[in-house]
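Please read these comments with the model open beside you. They are meant as a short guide to what can be checked in it.

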Amino acid sequence: MEWKRVFWSRKGIYLLLFLLFANAMTFYHYLQHDSDKFMIGKEQYEQYIRDYPENVQKIMDNGKRLAAFAVFREQDSFAQTNIEKTGRDYGRVKDVRPVRLDHPEVAALFSYEWVHLYVFIFGIWMVFVFMSGRKGSMDIMVHACKNGRAYLFLVRSSMMFLCMIACSFLLYLSMYGIVVWKFGPESLCVPVQSLPVLEKVTFPVSIVQFMFIALGVQVSGSILAVLVFWLISVRIPSAEIGMGAYILLLVTEYILYSTVSLQSNLCFLRYVNVFFSLNVTELWESYFNVRLGGSAVSHVFLFLCFVSVFLTVIFILLLLSAVRGYPVTGKGFITKLLEKVVAFIRKKMAGLPVVFWELYKLLWCQRGIVVLFLFVWILWGTMDDSQMFFTAEQEYLNAFFEDNEGIVTEEKLKKMEGDPVLQQQYEHVRANMAAGREVWLVNERGYEVLIGEEADGQRNADAFVAGVSLLLMLSGSYTYENKSGMFPLLWGVRRGRGWLYRRKHMAAEMLTFVVWGTMIWAEWNRVTAYYTLHCLAAPVQSLPFLSEITLPVTIGGFLAMIAAAEFLILYTFKNLVLFLSVLCSKVQMVVLAGGVFLIWNIWLETWIVKGTFTDASLYVRCAEAAVLVAGNILLYRVGKRRRYFC
């Protein structure tokens with residue numbers, strides 16, 4: 001009965017299909033735009049295959065050489081045990097000979113991280129289904145039944161383990177299918193060290209064996225994170241407080257993970273960590289021994305011990321709670337206090353315009369504030385300087401432009417003439433001056449990272465996350481009213497039609513503006529932290545990769561056009577989500593989300609972010625913008641006539 005209620009329910013099947021589709025979309029996008037994270041050049045790959053045995057031998061010889069120094073020979077010291085352990089670990093793979101693969105893109109299966117989030121979402125949803133009986137009197141009835149305590153918990157926990165394993169297997173199977181479809185089949189019975197991204201693995205296993213090992217470790221970590229949430233939900237009756245406590249725990253664990261350095265004596269907190277268990281790709285992408293007193297312990301072994309012990313402890317605590325815990329018949333102190341706070345806030349909000357009440361329903365009643373927090377958190381986490389481009393030549397250019405940026409003068413041209421590093425910029429300036437254009441000297445590197453072709457992957461990823469956030473925050477805008485039975489009443493009063501409809505759109509537009517502003521802020525800060533973006537008043541032709549544009553537009557104006565285009569896309573997506581929310585229930589929204597994501601991805605691949613480096617392309621984008629404006633008007637007017645669809 002539990003299997004049918006949970007997994008074979010309509011919501012469960014819809015959620016699984018949605019996760020499969022979303023994972024396929026994001027993984028395909030990952031293969032298209034983020035190949036630098038799991039691939040290296042052909043020559044580098046061949047060099048890696050040839051040098052791997054020699055590199056392993058160097059690591060072992062280096063340990064022996066360091067052991068000759070007195071500072072590394074102290075008995076029971078971390079330095080000595082670390083050297084000895086490193087030599088033993090790499091000794092296991094000294095006879096391994098990597099094989100050159102025709103399609104090494106299979107490494108994407110091990111470096112792609114979004115799949116872990118989808119499995120975690122599936123597990124959290126199952127916990128919500130298990131705890132849904134607390135809303136009525138079912139919790140008391142179940143507790144009074146013979147099989148409603150320990151037996152029911154064992155059935156549910158077994159379901160969770162098996163379903164999360166099955167979900168992970170299906171997601172990875174679909175990812176492997178995409179890799180085969182895109183690049184072709186590849187033998188997986190070769191050493192896992194044949195993939196450069198896994199060169200730190202110190203076990204002589206094949207790719208297919210390691211695939212199952214990595215899957216088991218990752219699923220165990222996801223189950224641990226889900227069980228922690230289940231335990232908090234059992235011990236805290238209020239769902240809102242329980243969710244808040246769990247988010248606070250994850251934030252605390254994230255702070256520990258990101259702030260504790262590898263050299264610290266507390267570095268074990270990076271791996272004895274619930275947040276880290278959500279994504280453990282670091283375990284096989286790096287080799288590291290954790291310092292525990294004077295001993296050196298592998299970070300893989302430490303994490304496996306942590307997962308094993310905590311899984312057992314939390315499982316026992318949940319079992320005891322199921323056997324000895326009694327259903328909550330009243331409200332706890334924290335719940336009562338929270339209700340008083342909410343009542344006070346609602347009282348103070350009574351005099352505010354209706355649009356703020358609509359925001360209150362979207363952000364608080366429908367948990368939109370959690371989605372908004374996760375959106376900001378994801379964008380903040382992608383500000384990684386490892387993807388920035390630093391070379392000696394670029395540093396030379398940075399130093400030159402720092403002193404000479406601005407309107408071109410003869411003195412600046414003389415500095416550039418004959419300099420081989422500045423030859424390309426010199427020819428570009430001369431060509432613009434010959435065409436009679438005003439031209440400035442501008443350091444283009446920051447603008448290339450911001451809006452150039454290499455920025456397409458990151459900008460599309462940001463826009464995709466923004467679209468998902470809007471979908472989750474706004475999908476219940478009208479289904480919330482429909483579920484509560486308010487639609488007949490609203491359509492029966494004068495202000496419940498067009499007036500309230502406009503207020504709902506105003507609230508959604510505010511959230512759209514916040515999401516768009518956050519996305520622009522993240523894009524700007526991600527670049528300006530490492531590159532300068534000066535001379536915004538310069539003509540756009542001052543940037544070599546935009547020299548084909550002849551329209552009188554400044555660099556700042558061009559950036560504003562791109563930002564406006566991104567806002568228009570998000571605004572159109574907002575209207576589409578509200579239109580579907582008018583027509584459908586929230587369960588149907590999950591089904592239609594697949595189509596929405598597909599349309600969204602098509603827009604991202606063809607919109608102004610890509611290929612807008614000529615006059616003709618700008619005119620095409622303006623025509624597309626006009627079509628989107630007309631589409632917004634149509635979506636707004638059709639959605640307003642909701643009574644015709646009832």
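1. Helices H8 and H9 are oblique to each other. Their axes cross at roughly 140 degrees and come within 10 Å. An angle over 145 degrees would count as roughly antiparallel, and the angle of roughly 140 degrees is therefore classed as oblique. The crossing of H8 past H9 is right-handed. Keep in mind that this is a predicted model.

2. Which residues make this contact? From H8 (residues 150-183), the list includes Phe153, Arg156, Met160, Phe161 and Tyr172. From H9, Leu215, Val219, Ser222, Ile223, Val226, Leu227 and Trp230 take part. Sorted by class, the contact has 13 nonpolar residues, three polar ones and one charged one.

3. Helix H9 spans residues 207-235 and also matters for the next point, as it gives 17 residues, the largest share, to the largest nonpolar core. That core has 97 residues, and Phe27 and Trp284 have the most contacts inside it. In soluble globular proteins, nonpolar side chains tend to be buried together.

4. What does Phe27 touch, leaving aside residues up to four places away in sequence? Its partners are Ala108, Leu109, Tyr112, Met175, Ile178 and Val179. A second core, separate from the largest one, has 29 residues. Leu359, Leu474, Tyr501 and Trp516 are among them.

5. Is Gly242 buried or exposed? Its relative accessible area is 3%, and the cut-off for buried is under 20%, so Gly242 is buried. Gly242 lies in helix H10, which covers residues 239-259. Not counting residues up to four places away in sequence, Gly242 touches Ile232 and Ile236. Between Gly242 and Trp230 there are 9.4 Å from C-alpha to C-alpha, with the two residues 12 apart in sequence.

6. Leu338 belongs to helix H13 (residues 333-348). With a relative accessible area of 26%, Leu338 falls between the limits of 20% and 50% and is therefore partly exposed. Although Leu338 and Ile241 are 97 residues apart along the chain, their C-alpha atoms are separated by 8.5 Å.

7. Some totals for the chain close the note. The chain has 26 helices and four strands. Of its 646 residues, 47% are buried. Among contacts with a separation of 6 or more, 76% are between residues 24 or more positions apart.

Terms used: Residues are numbered from 1 along each chain as its sequence is written. This is a predicted model: local features need pLDDT of at least 70, side-chain atom pairs count only at pLDDT 80 or more; totals for chains, interfaces and linings use all residues. Side-chain values use heavy atoms; hydrogens and water are left out. A nonpolar core is a set of buried Ala, Val, Leu, Ile, Met, Phe, Trp, Tyr and Cys residues joined through side-chain atoms within 4.5 Å. Buried means under 20% relative accessible area, exposed over 50%, partly exposed in between (1.4 Å probe, protein chains only). Helices (H or I, at least four residues) and strands (E, at least two) are DSSP runs, numbered from the N terminus. Contact means heavy atoms within 4.5 Å. Axes are lines fitted to C-alpha atoms, for helices over the stretch in contact, and angles run from 0 to 180 degrees between N-to-C directions. Angles under 35 degrees count as roughly parallel, over 145 as roughly antiparallel, 65 to 115 as roughly perpendicular and the rest as oblique. A crossing is left-handed if the near helix is turned anticlockwise from the far one by less than a right angle, and right-handed if clockwise. Ala, Val, Leu, Ile, Met, Phe, Trp, Tyr, Cys and Pro count as nonpolar, Asp, Glu, Lys and Arg as charged, and the others, Gly among them, as polar.
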